[in-house]
Amino acid sequence: MNVSTNLPEEKCTGCGACVVKCPKQCITLKRNADGYWKREVCQSECVQCNKCINICSALCSLRELSVKKSYVAYANRDSDRIYSASGGVAYVLSQIAIEKGYSVAGAVWDLEGIGVKHILVDEKGELLERMRSSKYIQSNTLDIFHSIRDTSIIIGTPCQIQAFRNIYGEQNNMLLVDMACMGGGGYNLLEKYMEFLSSYNSSGIKDIKMRSKRKNWMTYGTHVFFEDGSEYYQDKYKDPFCQCFNFGHAIQNTCMDKCRWCQKSAADIRIGDAWDYAYAFSYKIAKNGLSLLSVQTEKGSQWVQYLSDRMTIKSVEGKIPRPYGLTSNELLLEMLRDTTISIKDIVKAYNSTSLYKKIVRAFEQILSKNYYAYVLTKRLKEWYRTKKDRKLP
């Protein structure tokens with residue numbers, strides 16, 4: 001028995017734990033038809049040791065998301081926030097860790113290989129800067145599993161953090177941080193997007209920021225820097241990658257409606273955007289981003305204390321996330337598999353929808369571009385949710 005016999009391919013998260021643990025090295029990661037990393041077992045070399053099954057993040061028992069305390073936090077220095085995805089927690093946490101002699105594992109763009117991978121950093125500088133902001137693409141973690149040190153902070157998606165917990169167990173000087181995650185985009189989407197960017201500028205891509213706050217946190221966009229010094233920017237409602245990923249949900253079902261980790265976590269801290277708490281802050285503060293921290297262990301609480309000198313941290317009522325309840329867009333995924341179809345054609349298919357959906361999308365855009373309308377809507381939504389929860393059966 002091995003992971004290929006016990007776990008259907010569509011349920012594999014591509015975390016890489018089985019590849020690392022296999023004593024015969026008969027398991028590899030390969031991209032499937034949708035461009036996602038999946039395990040592949042060479043059955044003729046398998047010795048049925050079951051180590052891959054015992055370590056698999058998709059087969060192991062999970063710990064319920066037990067929130068001890070929740071906080072909304074933002075970095076006191078604007079520069080620490082503006083170039084981060086939300087309030088700058090991951091970046092400030094990484095800086096403090098390095099100062100304390102820790103190494104930091106996080107995702108960076110691998111633009112030569114056209115992808116995203118995890119690397120290990122033990123000093124401040126360019127590599128740490130590259131970890132900032134979101135990538136929205138499934139990262140490859142294989143390179144760092146064997147290089148992780150006892151004193152490390154590891155930041156990743158919940159399924160990746162589960163894999164690290166399965167392999168390393170409970171280490172006193174290892175902090176595991178996962179994130180509120182909708183899933184990663186596939187490499188089919190990324191490759192088509194790269195073709196689009198190359199048609200825009202063929203000099204080569206120097207860097208990509210997929211959560212640029214050039215306008216503000218609510219209306220983030222994609223900011224691309226080219227080798228010749230020119231730039232590309234579109235907000236999330238106009239950029240083709242964002243339209244396919246954020247709104248079109250061209251994301252595998254393993255992540256969208258079948259994710260095991262929405263309400264479960266192997267991390268010490270879970271981080272994400274504090275969208276639901278923006279109404280409690282002025283526009284001047286909220287425009288540069290707010291982070292939500294859900295602390296699950298005493299170790300996590302200790303590290304939150306380290307953040308207090310460089311971040312404004314406010315305690316809030318902890319909430320267990322609700323499942324997204326969304327399914328993958330099979331039409332867009334099918335079009336992404338076709339090498340003859342461009343990302344512009346896929347965006348046209350996404351925009352060919354009913355009048356009702358077009359009105360809803362237009363309304364969402366208005367809300368995100370007007371902070372006060374956004375805040376009012378959030379307050380009404382929270383009021384309705386509270387009233388609904390209190391209603392007797």
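Reader: Where is the place of D268 in the chain?

Author: In this predicted model, D268 lies in the loop between helix 11 (253-256) and strand 11.

Reader: What makes D268 count as buried or exposed?

Author: The relative accessibility of D268 is 1%. Buried means under 20% relative accessible area, so D268 counts as buried.

Reader: Which residues does D268 touch, not counting residues up to four places away in sequence?

Author: D268 touches R165, M174, L175, L176, S294, V295, Q296, T297, K299 and G300. A contact requires heavy atoms within 4.5 Å.

Reader: What is the order of the strands in the open sheet of eight strands?

Author: The order is 5-4-6-7-11-12-3-13, and the pairing is mixed.

Reader: Why is one side of strand 5 and of strand 13 left without a neighbour in that sheet?

Author: Strand 5 (115-121) and strand 13 (311-316) stand at the edges, and each has a single partner strand, so one side of each has no neighbour in the sheet. From one strand to the next, the twist averages 25 degrees.

Reader: How do you know that strand 6 and strand 7 are joined?

Author: Two strands pair if there are at least two bridges between them. Strand 6 (residues 152-156) and strand 7 (residues 174-179) are joined by five bridges and run parallel, so they meet that condition. Within this pair, G156 stands opposite D178 in strand 7.

Reader: Which helix packs on this sheet, and which strands does that helix touch?

Author: Helix 5 (residues 89-99) packs on the sheet. Among the strands that helix 5 touches are strand 3 (69-75), strand 4 (103-110), strand 11 (269-273) and strand 12 (291-295). The direction of helix 5 makes about 165 degrees with that of strand 6.

Reader: What is the order of the open sheet of three strands, and is its pairing parallel or antiparallel?

Author: The order is 8-9-10, with antiparallel pairing. Strand 8 (205-212) and strand 10 (231-235) stand at the edges with a single partner strand each, so one side of each is without a neighbour in the sheet. The twist averages 10 degrees from one strand to the next.

Reader: What makes strand 9 and strand 10 a pair?

Author: Strand 9 (residues 221-226) and strand 10 pair over five bridges in the antiparallel sense, whereas at least two bridges would suffice. One of the bridge partners is Y232 in strand 10, which is matched with V224.

Reader: What do strand 1 and strand 2 form?

Author: They form a hairpin, with five residues between the two strands. Strand 1 (residues 27-31) and strand 2 (residues 37-41) run antiparallel and are joined by five bridges. I27 stands opposite V41 in strand 2, and G35 in the turn has a positive phi of about 85 degrees.

Reader: Why is there no bond between the sulfur atoms of C49 and C52?

Author: A disulfide needs two cysteine sulfur atoms within 2.5 Å. The sulfur of C49 is 6.1 Å from its closest cysteine sulfur, in C52, which is too far for a bond. The structure holds zero disulfides.

Reader: Are C49 and C52 buried, partly exposed or exposed?

Author: Partly exposed lies between 20% and 50%; C49 has a relative accessible area of 34%, so C49 is partly exposed. C52, at 6% relative accessibility, counts as buried.

Reader: What lines the second largest pocket?

Author: Of the 15 lining residues, the closest to the centre are L111, E126, R130, K206 and D207. Strand 8 gives the largest share of the lining, four residues. About 380 Å³ of space lies in this pocket.

Methods:
Residues are numbered from 1 along each chain as its sequence is written. This is a predicted model: local features need pLDDT of at least 70, side-chain atom pairs count only at pLDDT 80 or more; totals for chains, interfaces and linings use all residues. Side-chain values use heavy atoms; hydrogens and water are left out. Axes are lines fitted to C-alpha atoms, for helices over the stretch in contact, and angles run from 0 to 180 degrees between N-to-C directions. Buried means under 20% relative accessible area, exposed over 50%, partly exposed in between (1.4 Å probe, protein chains only). On a 1 Å grid over the protein atoms alone, a cavity is a set of points where a 1.4 Å probe fits but cannot get out, and a pocket is an open set with protein on both sides within 12 Å along at least five of seven lines; lining residues have an atom within 4 Å of a point. Grid points are joined across faces, edges and corners, and a volume is the space filled by probe spheres set on the points.
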